[in-house]
Amino acid sequence: MTPAPHAPELRAAARHIGRRRFLTVTGAAAALAFAVNLPGTAHAAELDAKKITEDPFTLGVASGDPQPGSVLLWTRLATRPYEPDSGLPRSRVPLRWELAHDSGFTRVARRGSVTAHPEFHHSVHVAVSGLGYDRPYYYRFRAGSWISPTGRTRTAPARSARIGELKLAAVSCQAYHDGYFTAYKHLAEQELDVVFHLGDYLYEYAVNAVGGARNYTDRRLPAHFNRETVTLEDYRLRYGLYKSDPDLKAAHAAHPFVVTWDDHETENNYAGDIPENGAPPEEFLLRRAAAYRAYFENQPLRRPQQPEGPDMRLYRRLHFGRLAQFDILDTRQYRSDQAYGDGWQVPGPESENPARTLTGAAQERWLLDGWQSSRALWNVVPQQVTFAQRRSVPTGTFKFSMDAWDGYPASRDRVLAGAEAAGIENLMVLTGDVHVGYGFDLKKDFDDPASRTVGTELVATSISSGKDGVDKPGNWENLTQANPHMKFYNGRRGYVTVTLGEQQARADFRTVGAVTTPGAPITTAASFVTEAGDPGLKPV
């Protein structure tokens with residue numbers, strides 16, 4: 001099926017105003033509907049929640065972005081998540097929420113009320129503060145007589161606190177049509193403090209009636225999923241499909257998530273306001289605004305991340321005591337276009353142009369300034385695309401991925417120089433995107449294997465994208481030989497867990513044998529440590 005068009009009035013509004021700021025004009029903002037930050041129909045009727053006759057919590061609950069004494073709670077009401085209106089009228093719905101010290105809610109720490117507005121597809125984002133530091137809490141929502149599933153979350157420790165250990169997981173790339181989210185079932189059962197999602201939470205590609213590689217025999221998905229997402233309604237529906245998955249819901253309920261996007265939440269390999277398919281920028285920015293709006297509606301994000309039209313400040317910083325600082329990046333929204341037409345290409349003057357940027361100037365300054373003031377033992381950078389150099393072959397003419405940091409080497413050099421200038425001794429980059437697990441030593445000079453190691457990079461394989469995968473992909477020999485700083489390479493699905501400690505960090509690459517059939521067990525493919533003050537991955 002072909003993508004549904006944007007409404008004609010939205011196209012007309014976009015044609016008559018500028019590229020980047022087209023949603024700030026009052027008339028255009030009204031026409032585009034999703035340009036404003038606050039609900040535009042404040043006088044919408046209020047629905048009596050007692051009249052909701054079907055479970056409105058089909059998408060579960062989530063929490064995110066833990067801060068000292070504070071956490072963000074999320075849910076979205078949807079009695080029928082596969083329908084455009086999610087089964088609810090365009091009315092305000094009052095909700096109540098509770099946060100307690102115990103799963104039985106006998107010791108309630110905070111409670112309150114919030115309104116689910118139709119303009120935000122009945123999603124709510126509740127920032128709860130005044131809580132204890134570094135403590136677990138349980139939470140739930142109520143709508144009329146309906147009670148949501150219970151979620152478990154955790155606050156961050158005080159900035160000055162000395163904590164001995166932090167357990168995290170990094171996940172990425174969950175194409176629904178490529179298989180089951182089995183890895184999330186196992187993730188939900190692990191003891192973790194926080195989960196970092198590094199992008200491709202959703203894919204814009206069509207999902208057929210049997211769920212692609214899931215090959216359902218007990219259900220048929222609606223035909224409107226069998227097209228690429230373009231409009232706000234398309235993206236909202238696709239989140240309804242993804243977030244209905246029981247394993248994804250279990251993971252969100254079990255742990256707080258810190259999310260950032262990559263490309264597929266909007267469109268494959270877009271760069272700033274430049275789309276993959278050569279569409280006019282004003283047309284693409286309509287799509288980007290729709291994608292960003294739906295992303296915010298469906299993720300546990302705080303108010304500063306709420307989008308304004310096609311712009312959304314997603315990069316941000318979190319602290320976990322004196323042990324770790326996390327600088328979460330956005331390498332899509334501000335980047336220069338990929339050199340040489342994208343893909344794997346021989347590097348040259350275009351890709352090596354020092355003016356090129358992956359982060360944009362403002363985000364780069366923010367990152368380097370944050371390192372200058374960091375007092376954390378571990379400085380961790382959750383982001384999207386492969387940071388380390390990755391030659392395609394060990395001899396002859398090699399190629400680099402123009403979508404990764406290899407396509408923006410000057411940008412990478414500035415980041416590494418900034419870390420060195422700030423005295424960052426324990427740099428760790430967390431990466432997604434490539435549907436394989438990698439472990440890299442980050443080198444001061446990647447072309448010299450004897451060069452000093454300045455950090456480590458852990459690349460989380462996909463949850464499902466790429467289908468089942470194999471332990472050794474076809475290019476395993478070439479990549480491992482061409483890149484001696486590559487210490488691990490595995491092509492199965494799964495995730496990586498990291499335990500940050502005062503003496504060392506330990507990484508465990510967790511993999512499942514299959515995702516095209518449900519229920520596969522999980523194993524640890526490999527484990528490594530990197531010692532504080534002596535970066536470099538060492539097998540356990």
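**Exercise 1. Which side chain makes a polar contact with that of Arg452, and at what distance?**

Solution. Start with the pair itself. The side chains of Arg452 and Glu420 are joined by a polar contact of 3.1 Å. A polar contact is a pair of N or O atoms within 3.5 Å; within protein, one must be able to donate a hydrogen and the other to accept it, and residues adjacent in sequence count only if both atoms are side-chain atoms. This is a predicted model, in which local features need pLDDT of at least 70 and side-chain atom pairs count only at pLDDT 80 or more, while totals for chains, interfaces and linings use all residues. Residues are numbered from 1 along each chain as its sequence is written, and side-chain values use heavy atoms, with hydrogens and water left out.

Next, place Arg452. It lies in the loop between strand 18 (437-443) and strand 19 (453-459). Helices (H or I, at least four residues) and strands (E, at least two) are DSSP runs, numbered from the N terminus.

Then list the surroundings. Beyond its neighbours within four places in sequence, Arg452 is in contact (heavy atoms within 4.5 Å) with Glu420, Leu442, Lys443 and Lys444.

Last, check exposure. Arg452 has 45% relative accessibility, so it counts as partly exposed. The classes are buried, under 20% relative accessible area; exposed, over 50%; and partly exposed in between (1.4 Å probe, protein chains only).

**Exercise 2. Describe the cover and the partners of strand 18.**

Solution. Begin with burial. Seven of the seven residues of strand 18 are buried. Now take the faces in turn. One side carries Gly437, Gly439, Asp441 and Lys443; the other carries Tyr438, Phe440 and Leu442; all are buried.

Now the pairing. Two strands pair if DSSP finds at least two bridges between them. Strand 18 and strand 19 run antiparallel, joined by six bridges. Lys443 has Thr453 as its bridge partner in strand 19. Strand 18 also runs antiparallel to strand 20 (residues 486-490), with four bridges. There, Phe440 is partnered by Met486.

**Exercise 3. Is Gly278 buried or exposed? Is helix 6 largely enclosed or open?**

Solution. Locate Gly278 first: the loop between strand 11 (257-259) and helix 6. Its relative accessible area is 63%, so Gly278 is exposed.

Move on to helix 6 (residues 281-297). Its 17 residues reach 24 Å from first C-alpha to last, close to the 24 Å expected at 1.5 Å a residue. The expected span is 1.5 Å times one less than the number of residues. In helix 6, 14 of the 17 residues are buried, so the helix is largely enclosed by the rest of the structure.

**Exercise 4. How many aromatic pairs are there? Work through two of them.**

Solution. State the rule. Rings of Phe, Tyr and Trp (its six-membered ring) pair if their centres lie within 6.5 Å; planes under 30 degrees apart count as stacked, over 60 as edge-to-face and the rest as tilted. The count is 24 aromatic pairs.

Take Tyr184 and Phe257. Their centres are 6.4 Å apart with 45° between the planes, a tilted pair. The pair links distant parts of the chain, 73 residues apart: Tyr184 in helix 3 (residues 182-188) and Phe257 in strand 11. Both Tyr184 and Phe257 are buried.

Now Phe398 and Phe400. With centres 5.2 Å apart and planes at 50°, this pair is tilted too. Phe398 and Phe400 are both buried.
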